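Work through the exercises below with the model open beside you. Try each task before you read its solution.

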Amino acid sequence: MSTPVRVLVADDQALIRTGFATIIDAQPDLEVVGECGDGRAAVDLARRLVPDMVVMDVRMPVLDGIEATRLLAGAGVADPVKVLVVTTFNLDEYVYQALRAGASGFLLKDAPPAQLLHGIRTVAAGAALLAPEVTRQLVGRYAARIRPVEGTPADDALTPREMDVLRLMADGLSNSEIAATLVLSQETVKTYVSRILTKLDLRDRVQAVVYAYRRGLVT
């Protein structure tokens, strides 16, 4: 039997925090190793307990979830921790900031338990959790505020087809939707996604979406 995924839950609302912990602990493949109600405690506990991932609220006292995420998973962190951000729609701008800070994905707080568990397992496995419909509403809504930066040599390394795939990823399409749009197999799309991440030195799909918006590849 494999070792359970060790999860730290950080949320300043005790009811939500306890609810998440109860749902997670009921799963044989997941284990809550700690709970806390502010970002500073989340950073301290994560460094001490070394969980596999952190379920992180955005708005918390002492240190908000965005800065806590940056300290745990941001650029330059020696041993980054996977972070799944949970938020509500009226905090969508904060979600974008959290993704840029290093979060591997996000969920809405009112997501059903099954979606929360799927999100935790997805992020823990090393994949990004970026629900297409939420991507369109969150990242797309703030695209106009993101200042595009000049292209880099890495941009030139992508083939025309890889650029097509990157644009569709940024538009929130799943692999199966990209496959249908470009008339490719899902395995071929997976290969393209992997090449894009490697060529651009990106960690996951979330970073690829942010990259595309930052470089003005999507409007």
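**Exercise 1. Sort the lining of the second largest pocket by residue class, then say where the lining comes from.**

Solution. Start with the classes. The lining of the second largest pocket has eight nonpolar, three polar and two charged residues. Here Ala, Val, Leu, Ile, Met, Phe, Trp, Tyr, Cys and Pro count as nonpolar, Asp, Glu, Lys and Arg as charged, and the others, Gly among them, as polar.

A note on the model before going on. It is a predicted model: local features need pLDDT of at least 70, side-chain atom pairs count only at pLDDT 80 or more, and totals for chains, interfaces and linings use all residues. Residues are numbered from 1 along each chain as its sequence is written, and side-chain values use heavy atoms, with hydrogens and water left out.

Next, the residues. The lining has 13 of them, and Ala75, Leu99, Arg100, Gly102 and Gln207 lie nearest the pocket's centre. A pocket is found on a 1 Å grid over the protein atoms alone: it is an open set of points where a 1.4 Å probe fits, with protein on both sides within 12 Å along at least five of seven lines, and lining residues have an atom within 4 Å of a point.

Then the elements. Helix H4 (92-101) and helix H11 (205-214) each supply at least two lining residues. H11 gives the largest share, four residues. Helices (H or I, at least four residues) and strands (E, at least two) are DSSP runs, numbered from the N terminus.

Now the domains. Domain 1 (5-140) and domain 2 (148-215) each give at least three residues to this lining. Those bounds come from an automatic or database domain assignment.

Last, the volume. The second largest pocket holds about 230 Å³ of space. A volume is the space filled by probe spheres set on the grid points, which are joined across faces, edges and corners.

**Exercise 2. Find the largest cavity and describe the charged residue in its lining.**

Solution. First, count. The structure holds one cavity of 30 Å³ or more. The largest cavity has a volume of about 30 Å³. In a cavity, unlike a pocket, the probe fits but cannot get out.

Second, list the lining: Phe20, Val86, Leu107, Leu108, Lys109, Ala111 and Leu116. These divide into six nonpolar, no polar and one charged.

Third, place Lys109. It sits in the loop between strand E5 (105-108) and helix H5 (113-124). Is Lys109 buried or exposed? It counts as buried, because its relative accessibility is 18%. The cut-offs are under 20% relative accessible area for buried, over 50% for exposed, and partly exposed in between (1.4 Å probe, protein chains only).

Fourth, look for partners. The side chains of Lys109 and Asp57 are joined by a polar contact of 3.3 Å. Such a contact is a pair of N or O atoms within 3.5 Å; within protein, one must be able to donate a hydrogen and the other to accept it, and residues adjacent in sequence count only if both atoms are side-chain atoms. Leaving out residues up to four places away in sequence, Lys109 touches Asp11, Gln13, Ile16, Asp57, Val86, Thr87 and Thr88. Contact means heavy atoms within 4.5 Å.

**Exercise 3. Compare two valines in strands with two in loops.**

Solution. Take the strands first. Val9 lies in strand E1 (residues 5-10). Val9 is buried because its relative accessibility is 0%. The C-alpha atoms of Val9 and Val32 are separated by 7.3 Å, with the two residues 23 apart along the chain.

Val54 belongs to strand E3. It also has 0% relative accessibility, so it counts as buried. Beyond four places in sequence, Val54 touches Leu8, Ala46, Leu72, Val81, Lys82, Val83 and Leu84.

Now the loops. Most residues other than glycine have a negative phi. Val62, between strand E3 (53-57) and helix H3 (65-73), has a positive phi near 70°. At 69% relative accessibility, Val62 counts as exposed. Val183 is in the loop between helix H9 (175-182) and helix H10 (186-199). Its phi is positive too, about 55°. Val183 counts as exposed at 71% relative accessibility.
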